Amino acid sequence: MTYLPTYNIFDMALKQFERCATLLELDQPTRDFLKTPLREYHFSLPIFMDNGEPVILKSFMVQYNDARGPTKGGVRFHPSETIDTIRALAMWMTWKCAINNLPLGGSSSGVVFDPHLFTAAEQERICRGFVRKIAHFSGPQWDVLGPDMMTSPQHMLWMLDEYEIIHNKKVPGFITGKPINQGGSKGRKEAPGYGAMVIVSEVLKDLGIEISKTRASFQGFGMVGQHAAQLYCQMGGTISSIACWNHSDRSAYTFFKKDGINFEQLISITNQFGEIDKEKAISLGYECLPGDDWLSQDVDILVPAALENQIRQDNFDKINPRVKVIIEAANGPIDLEIDSQLKERGIIVVPDILANSGGVICSYFEQVQGNMNYFWSKEEVLSKIATQITSAYMDVSNFAQTYQVSLRDSSYMLAIDRVARASHERSWI
Ligand code: NAD
């Protein structure tokens, strides 16, 4: 896990906000309002381990802004989770929904623990304990939970089940990312990675580059990275390396193959946490390189799909001169401080709030299908996601060209403007 001691992700989110608020000439009360979460909760979460020992975990929930509709946000399980990460994710989710014109606000929540170290029964108690804390502050018309890092459909179902027990009724709209046979949407697993690659194909079209002539390097091979990698390979691209975490070595590695990875083969040696088996990969002919080496590969596209603050001043020089596009499939993977240097090098950055918004688009579709009690095929869901995210990309790209700003600034300006307008319409400010 690479966190620099002075790095605070919410500070970075606020800097992004301030920069775009200035470009939008937003008045001070509106700025002050949009810089602050509407509500945030800190919980102490006691659970019993299988051996009967109690353990006290920390958990957080931030409901950032609901001017455009009920808040919506992912739940993370991660040992390095902090309230500031959750604040930043909730703020970003607010912009993400706005940029796609979804009738939703933004939230985020998390429990500070490492699922690798807990049995399934202990994880179930954590899910249920967490929901007992939040059950009266959330719900389908108020705040809807979905998956994020290290939360699976099984976790989401345990959370839903506990919520329904507490409220004594069926409330499928409280959770998205449910298992398919329990009201989940087909395509939810694929959605964030799929959406990111739909945008990559649009960007390459704009650049006049054929995808089959491109190479990419990935960081992260979990839910987002895997499905992005799969679609990129299907579209004809070549992936030369994928970096991921190795829990037993407590280190990240980059798995490299000059002629390109074999997606199906790598999936078959990857565990449920998105960790590629090092020994098996080496025996299949992959070179096992240091964790940061995914940045220095001779590729056109970098796909950070793991976690925040992964491309920074201290490793910026590692980026290969061939790189033309970075698609932020993860949330906050690039330190804002190096945005201008990336621009100087002519690298196009597709910001997270647009790039990985396929996830929340599909979560919204899951709610829509649940409300109708009629479910679409996976092809229909994915094609609707492609239509929606392409239209958001077009809005952002046209705005960027008109006002001569980056895709990041353009995305934030569009989103902030929509949330500011909704807050004004409600006479909140
Ligand atoms: P995941 O837990 O399924 O996978 C995470 C991947 O990152 C794994 O392959 C893991 O090995 C790798 N990883 C972790 N630490 C690493 C390190 N230090 N170096 C290299 N690799 C490392 O998580 P996910 O759901 O795929 O989420 C990935 C990112 O995408 C996060 O930023 C998340 O917030 C964002 N995101 C997730 C969703 C979603 O629906 N799951 C939606 C939008 C955005």
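## Second largest pocket, paired strands and positive phi

The second largest pocket holds about 650 Å³ of space. Its lining counts 26 residues, and Lys343, Val405, Ser406, Leu407 and Arg408 are the closest to its centre. The model is a predicted one.

Several elements build this wall. At least two lining residues come from each of α1 (9–23), α6 (191–207), α10 (339–344), β12 (348–350), α13 (378–403) and α14 (407–425). By class, the lining of the second largest pocket splits into 13 nonpolar, seven polar and six charged residues.

Next, the strands. β8 pairs with β7 and with β9, as the table shows.

| Pair | Residue ranges | Direction | Bridges | Example of partners |
|---|---|---|---|---|
| β7 and β8 | 238–246 and 251–256 | antiparallel | six | Trp245 and Ala252 |
| β8 and β9 | 251–256 and 287–290 | antiparallel | four | Thr254 and Leu289 |

β7 and β8 make a hairpin, with four residues between the two strands. In that turn, Arg250 has a positive phi of about 50°.

Most residues other than glycine have a negative phi. Met150, not a glycine, has a positive phi of about 60°. Met150 sits in the loop between β5 (143–147) and α5 (153–167). Asn309 also has a positive phi, near 60°. Its loop runs between β10 (301–304) and β11 (325–327).

Are these two residues buried or exposed, or in between? Met150 has 23% relative accessibility, so it counts as partly exposed. Asn309 has 0% relative accessibility and therefore counts as buried.

Definitions and conventions
Residues numbered from 1 in each chain as written. Predicted model: local features only at pLDDT ≥ 70, side-chain atom pairs only at ≥ 80, totals over all residues. Heavy atoms only, no water. 1 Å grid on protein atoms, 1.4 Å probe; cavity = no way out; pocket = protein on both sides within 12 Å on 5 of 7 lines; lining within 4 Å. Points joined across faces, edges and corners; volume = space filled by probe spheres on them. Nonpolar A, V, L, I, M, F, W, Y, C, P; charged D, E, K, R; others polar. Pairing = 2+ DSSP bridges. Buried < 20%, exposed > 50% of the residue type's maximum accessible area, 1.4 Å probe, protein only.
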